[in-house]
Amino acid sequence: MTEYRIEPVHKFSLGSHELWQYRELFFFFTWRDIKVRYKQATLGILWAILQPLSMMVLFTFIFSRGLGLTFDGLPYPLFAFSGLMIWHFFSNSLQNAASSMVANAHIIRKIYFPRLIIPLSAILTALFDVFFAFLVWVFLIFYYQYPVALGKLFLLPLSILLAGTTAFGIGTFLAALNIKYRDFRYVLPFLIQFLMFINPVVYSTKAFVNYPVLEKILELNPIAGAINMVRSLFSNTPVDGLLVLYQFGIAFLFLLVGLYFFRKVEAYFADLV
């Protein structure tokens, strides 16, 4: 006689074994979200390119043409797009993950599956978008004929991993919070705007060289770290491995806090939605 024991998942656990059992759902939710986002849009997948590209043009006229500033020796469009590419991946991941549980309330009420699949698939959907932004980034490199440190290309997927881990940690926390307190869906756009301007998306961290405390905070910020990783591909300056470990440590801390709160509220999702 086979005995089955049903136990709650540990609050700090991803539940990787269960997630693997339901791995087909990752494809289902991700592909569904991609189709819903672009199928009825006239420009379709071009929106994944136009969003960071239009902001790059806007900030180029404001900062480069209007103020005549230079940024780390890079042409400003290349400098700005390097930051915007990572930022849009993070912000789209965060926004999608934070609203994912409420958006899928009709499914949560009907069947059981690991609830973490929903915010995780939101990250994968944003990863689909960043691929097309990456193509524009490569085009800008060839257009400006700017050399890239080929020995540091590993920093590009590392920066995506760092931004994705941070977005998943904060996103799972906000997803659970959004189910309990629906007002947070109105706060989220302001939060994303605030985060954009406190991260070096369109400016350099060197702007705070006279403010060592602010400069140190930016250095430890995982999103700032992910953006600076991409921009460091255009210089021969060696990577500070210890700083990268600190940034991943902070991202992992966000992940633990997000998982704990998500698991704490998870048992009541079906009742709350």
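The residues that line the largest pocket divide into eight nonpolar, eight polar and seven charged. This pocket belongs to a predicted model, and it offers a convenient place to begin reading the structure. The space within the largest pocket amounts to about 680 Å³. Its lining comprises 23 residues, and those closest to the centre are Thr 205, Asn 228, Ser 232, Ser 235 and Thr 237.

Which helices each supply at least two residues of this lining? They are α9 (212-220), α10 (222-231) and α11 (241-266). Of the contributions to the lining of the largest pocket, that of α10 is the greatest, with four residues.

The next feature to consider is the enclosed space. The structure holds one cavity of 30 Å³ or more, and the volume of the largest cavity is about 70 Å³. Two or more residues of the lining of the largest cavity come from each of α3, α4 (76-103) and α6 (117-144). Among the residues that line this cavity are Ala 48, Gln 51 and Pro 52, together with Met 85, His 88, Phe 89 and Asn 92. The lining also includes Ala 126, Asp 129, Val 130 and Ala 133. By class, seven residues of the cavity lining are nonpolar, three are polar and one is charged.

Attention may now turn to a single residue, Met 55, which is placed in helix α3 (residues 47-66). Is Met 55 buried, partly exposed or exposed? The relative accessible area of Met 55 is 22%, and because a residue must fall under 20% to be called buried and over 50% to be called exposed, Met 55 is partly exposed.

Which residues does Met 55 touch, if those up to four places away in sequence are not counted? They are Leu 84, His 88 and Met 196. Of these contacts, Leu 84 illustrates how the fold brings together parts of the chain: Met 55 and Leu 84 are 29 residues apart along the chain, while their C-alpha atoms are separated by 7.9 Å. His 88, another contact of Met 55, also appears in the lining of the largest cavity.

The remaining contact, Met 196, leads to helix α8, where Met 196 is buried, as are Leu 188, Ile 192 and Leu 195. Helix α8 covers residues 184-197 and has 14 residues. At 1.5 Å a residue, α8 should span 20 Å, and its end C-alpha atoms are 20 Å apart, so the expected span and the distance in the model agree.

Terms used
Residues numbered from 1 in each chain as written. Predicted model: local features only at pLDDT ≥ 70, side-chain atom pairs only at ≥ 80, totals over all residues. Heavy atoms only, no water. Buried < 20%, exposed > 50% of the residue type's maximum accessible area, 1.4 Å probe, protein only. Contact = heavy atoms within 4.5 Å. 1 Å grid on protein atoms, 1.4 Å probe; cavity = no way out; pocket = protein on both sides within 12 Å on 5 of 7 lines; lining within 4 Å. Points joined across faces, edges and corners; volume = space filled by probe spheres on them. Nonpolar A, V, L, I, M, F, W, Y, C, P; charged D, E, K, R; others polar. Expected span 1.5 Å × (residues − 1).
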